[in-house]
Amino acid sequence: MRRIAPLAAALAVLVLPAAAGAAPPLKPFGHVCKEENFVRFCETKNDAQRVRSFDGVPLDVDVTLPATGDGPFPTLMLMHGYGGSKTNFESTDPVGDGAVTFHYNNNYFARQGYAVVTPSARGFGRSCGAADSRTSPECDRGWIHFADQRFELHDVQYMLGLLADQGVTDPLRIGVSGVSYGGLQSAQLAFMRDKVRTRDGRFVLWRSPKGKLMRIAASWVRWASGELIYSLIPNGRLLSTGSHVPSRPFGVEKESLLNALYVGGAVTGFLAPAGADPTADLETWRATANQGEPYGPAAAGFVEQFRTFKGAFRLAGAPTPLMIQNGWTDPVFPGQDALRLYNRAREEGDPDTPVILQLGDIGHFTGGDPPGQYARFNDDGAEFLMRHVRGEGGGILGGSVTVFGQGCPKGQLGIGPINARSYGALARGSFRLGFDKARTLTSAGGDSVDTAVDPVAHESRCERIAAERGKGDVVTTRRSEGFTQVGLPTVRARVRTTGRFGQIVARLWDVAGGKQRIVDFGVYRLTPNQKGEVVLQMQGNAYRFRKGHAVKLELVGSSDPLYRASNGQFKVELSDVHASIPTRERPSRGLHVSKRTKLR
């Protein structure tokens, strides 16, 4: 024993420095971390510290770490909206702004044990967005590519790979989430899973720069869709029963919203000069859409660019666990767009696939954004990420849906929450109205009613205007005995069209006391001289029609500037028009609610 003791003592001397000495402090991207607000904040402090992406474009990105621990950590990438920057989801406390960022910010999630990454996307903020951040040659082509798998998504994957190599990120426990523009990226990453798309369009296995295998564990999409181009130029062929939409005919531009997108990029970010880059040429694409019909190869070309490289619906296979949060009252990414993504995800798996849907009075422009909805939605989202990224907790039943309704005045909490095991179980009846005798709709428009529907000019869906008829429209009404719309109204009609470039815009109104409030709308692009049955679904809402109010369905040939007016002159003879509004109420003769209508 006496011989062993000196040897043990000698070994102890050799071992002590490694055992007792603290591990070197983590420096994500080489940045020093500062302890503050119960987390460690690791900031890109100046342009020289920006992270060079896979193609050399400098990215301004911060990382927030838990107060203790050496990593690797489960990691959450939070991506900002269009026109935003890395600071949008950075806060000094978990509450954030009390609404959109309530329990949805770097401080909250770092306190939950995540490494939180908050980048400015290329072309925004100091990632070449601000004019004085455009150092040359790195930023010469660092413009916006509109949530492109070859650029913005590749940036995200490259940054996460660097963090994995630095021991910060667990390469197999990665969550992605974002709002609007960031949500578009999150949706695509959910379907890309463990693949990277290179600049030549190929898919390769996602590995860190040092060769570690990487994958997304879960995605939480907020205020977004799986395909921006259909959200902005719909042709009306999207139905609530599926996710496939034919590329023909060319859709009807949401003109005021597309123009707002362009202005937002021009003011806050770095747009490619016209003709400089066929993968990012918003100026030319916008001009093509705004000139209207007839749409030729140029229009087909940019639609194909978006559908192939900037959308989720051509990505093969099932997604990672996915949560989707959209606003009924959001005119850019409404409930209809969320449902399309929900359907696409569930088509690839069984009914219990972990795909969760949240719908409320939230989102862009006309979204009410009451804090009470976010208190529920965001905590559900945190629970979802805890289950599927960290592997802790029970999670939420796959396929389930939680809904809040539109509140008035704007910002007031509406009906809800309503919970259902699936979207199909949300509605339990139908309120119907319509007519059989032929009536004629024309391409006339441009009146005050059209202007009042525009969500850019009028940001409240709660306003009531004079219950006037639009030019060349067709109207049918029915008295309400009190019911709750919950879902997408469906309009079926037989049409006989004369002329080219026709469109039918459906608008649903709540009418009382000579005033009307817009509840829902949707558009259908007609083909030249189209005849036969059409099926049009509106964007959806959860809305309470009070007893004694009139439910008014208005069909018009123009609702400009929300939907771009046609360059053509046309007439549409409508007959056998029947609308079905999905209701939360079960069939009741007293409420005029009948058995739920299913799409054939």
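1. Before anything else, a term: "buried" here means under 20% relative accessible area, while "exposed" means over 50%. Keep in mind too that this is a predicted model. With that in hand, have a look at strand β12, residues 322-327, which is mostly covered: 6 of its 6 residues are buried.

2. Which residues of β12 sit on each side? Leu322, Ile324 and Asn326 are on one face, with Met323, Gln325 and Gly327 on the other, and both faces are covered. That split fits a general pattern. In a regular strand the side chains alternate between the two faces of the sheet.

3. Next, the neighbours of β12. Strand β11 (residues 218-222) is joined to β12 by 4 bridges, and the two run parallel. If you want a spot to click on, Arg222 has Gln325 in β12 as its bridge partner. Strand β13 (residues 355-360) also pairs with β12 in the parallel sense, over 6 bridges. There, try Asn326, whose bridge partner in β13 is Leu359. So Gln325 and Asn326 are both buried, and each of them has a bridge partner, Arg222 for Gln325 and Leu359 for Asn326.4. Further along the chain there is an open sheet of 5 strands, in the order β18-β23-β22-β26-β19, with antiparallel pairing. Which strands stand at the edges? They are β18 (465-466) and β19 (474-479); each has a single partner strand, so one side of each is left without a neighbour in the sheet.

5. Within that sheet, take a look at β22 (residues 503-512) and β23 (residues 515-525): they run antiparallel and are joined by 10 bridges. One pairing to check by eye is Ala506, whose bridge partner in β23 is Gly522. As general background, strands of a sheet pair through backbone hydrogen bonds, either parallel or antiparallel.

6. Is Ala187 buried or exposed? Ala187 lies in helix α5, residues 181-192. Its relative accessibility is 0%, which is under the 20% cut-off, so Ala187 counts as buried. For a sense of distance, Ala187 and Gln373 are 186 residues apart in sequence and 22 Å apart in space, C-alpha to C-alpha.

7. Last, the surface. Arg421, Lys595, Arg596 and Lys598 form a positive patch there. Lys598 is placed in the segment after β28 (593-594). With 61% relative accessibility, Lys598 counts as exposed, whereas Ala187 in helix α5 is buried at 0%.

Technical notes
Residues numbered from 1 in each chain as written. Predicted model: local features only at pLDDT ≥ 70, side-chain atom pairs only at ≥ 80, totals over all residues. Heavy atoms only, no water. Patch = residues over 30% accessible without salt bridge, like charges linked within 9 Å, V, L, I, M, F, W, Y side chains within 5 Å. Areas by Shrake-Rupley, 256 points an atom, 1.4 Å probe, with all protein chains shown as cover. Salt bridge = Lys/Arg side-chain N within 4 Å of Asp/Glu carboxyl O. Lys, Arg positive; Asp, Glu negative; His and termini not counted. Charge placed at Lys NZ, Arg CZ, Asp CG, Glu CD. Buried < 20%, exposed > 50% of the residue type's maximum accessible area, 1.4 Å probe, protein only. Pairing = 2+ DSSP bridges.
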